[in-house]
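Reader: I would like to learn how to read the strands and sheets of a protein model. Could we go through them step by step?

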Amino acid sequence: MACLAFGNCRTLTYAKSTGLCQLFSDIPSQYGSLVAQAGFVTLTVIDDRRLSPPLLPLHGVTVAGYGNGTSGNANNALRNPWGLAITTNNQLYVSDLYNYRIMKLKIGNLTGSIVAGTTGVSGSTATTFTYPAEIAVDAASNIYIVDTNSFRVMLWRNNSSSGIIAAGNGTSGSSIMLISVSIGLAVDLQGNIYVADSNNHRVMKWAVNATSAIVMAGVTGVAGSDNQHLNKPYGLYLDESNSYLYIADFKNHRIQRYRVDIPSNGTTVAGGNGQGSAGNQLNLPYGVCVSKKTGDIYIADKANHRIQRWSVGATTGITVVGTTGVSGINATQLNGASNVILDMDETFLYVSDIDNHRVQQYQLP
């Protein structure tokens, strides 16, 4: 009814009992006589146009980190957060890259606890990391961590004080037993591990307790931009219900989708139109996730300082968070985005705002 303050407001009221319609316009009172009445349905239109969709970009709330662009190593601070995971009880896990640790926070409490790693201590032992990137948390709250520069994936079981190697062996290489500098990670319900082996331009699948892997996507050691190749794959998202693996193909500025149940080549589902900032382009995408409800693809478009949403079959994306090409610290801006996830019921979107040293929460419309 708020539009009745405007002279160009049109209101159509339909009386169910009589089937009559009445059109009111230029009503002087803000409410006039159109107070809600039983048996009447009222449709209000402004300027004969449909009401606008929710304003974009979305406004964020800081749920981890100081929120003012500064870093730190206290339990309420972060230093270049990367990986994110969230559980059904709103426990948020954050890979705190340059503090060499994994933090756990309850949404609504900015002070977290260290659940893996040692603050400020880099290493390749059972209790340390060398740049933890993407993470995954299973139903038992076990944490999987890509230990980027230690060339391994670590598994920290719930409440453990140390981890074990779950993929790779800590040595860089290109054989099927090894991984090199790796970024992305996904774990399926059976415990199979998918690793974006970035320096080898491939994605590997490690079965539970396996000592070697199989190549799921890309060609080992060969960068390329056709549907068989990748160029520095970064973030991963596994859609088990549809047997799809989504890959942020970093240097190709696109998102590729592969089938995981049958051998297949990749299909470009976002970007792929060269490096850039247009709606149909991406610029060094770091992370990707997909809505289970709509199939919409959310992309951490890092160098464009934005989150892009691509609907199924779309040829262009919509910026839902950030200002394209502009870094910033306010509630609608990002300074690089390294990861993006949805919570379980898809009420909120979470973004690792890596160079603002914070994690932002956005309520979806």
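Reader: How many bridges join β13 to strand β14, and in which sense do the two run?

Author: Before the count, keep in mind that this is a predicted model. Two strands pair if at least two bridges are found between them. Here β13 and β14, which covers residues 193–197, are joined by 3 bridges and run antiparallel. One residue pair shows how to read this: V187 has I193 in β14 as its bridge partner.

Reader: What is the order of the strands in the sheet that holds β13?

Author: An order lists strands as they sit side by side. This open sheet has 4 strands in the order β13-β14-β15-β16, and their pairing is antiparallel.

Reader: Why is one side of β13 and of β16 left without a neighbour in the sheet?

Author: Look at the partners. β13 (185–187) and β16 (214–218) stand at the edges and have a single partner strand each, so one side of each is without a neighbour in the sheet. As for the twist, neighbouring strands of this sheet are turned by 20° against each other on average, direction ignored.

Reader: Which strands make up the sheet that contains β9, and which are its edge strands?

Author: Read it in the same way. The order is β9-β10-β11-β12, an open sheet of 4 strands with antiparallel pairing. Its edge strands, β9 (132–137) and β12 (164–168), each pair on one side only. The average turn between neighbouring strands of this sheet is 25°, direction ignored.

Reader: How many bridges pair β9 with β10?

Author: There are 4 bridges between β9 and β10 (residues 143–147), in the antiparallel sense. Among the residues involved, V137 has I143 in β10 as its bridge partner.

Reader: Now a single residue. Is W82 buried or exposed?

Author: The test is a cut-off: buried means under 20% relative accessible area. W82 has 8% relative accessibility, so W82 counts as buried. This residue lies in strand β5 (residues 81–86).

Reader: Which residues does W82 touch, leaving out those up to four places away in sequence?

Author: Contacts can link residues that are separated along the chain. Those of W82 include S95, L97, A133, E134, I183, Y234, Y286, S338 and I354. Distance can be read too: W82 and Y98 are 16 residues apart in sequence, and their C-alpha atoms are 9.5 Å apart in space.

Reader: Which residues does the UniProt annotation "repeat: NHL" cover?

Author: An annotation comes from a record. The unreviewed UniProt entry places "repeat: NHL" on residues 69–108, 184–209 and 276–313. In the model, residues 69–108 are 0% helix and 45% strand, with end C-alpha atoms 19 Å apart. For residues 276–313 the values are 0% helix, 42% strand and 20 Å between the end C-alpha atoms.

Notes. Residues numbered from 1 in each chain as written. Predicted model: local features only at pLDDT ≥ 70, side-chain atom pairs only at ≥ 80, totals over all residues. Heavy atoms only, no water. Axes fitted to C-alpha atoms, helices over the stretch in contact; angles between N-to-C directions. Buried < 20%, exposed > 50% of the residue type's maximum accessible area, 1.4 Å probe, protein only. Contact = heavy atoms within 4.5 Å. UniProt positions renumbered as here; feature names shortened; annotations may be inferred.
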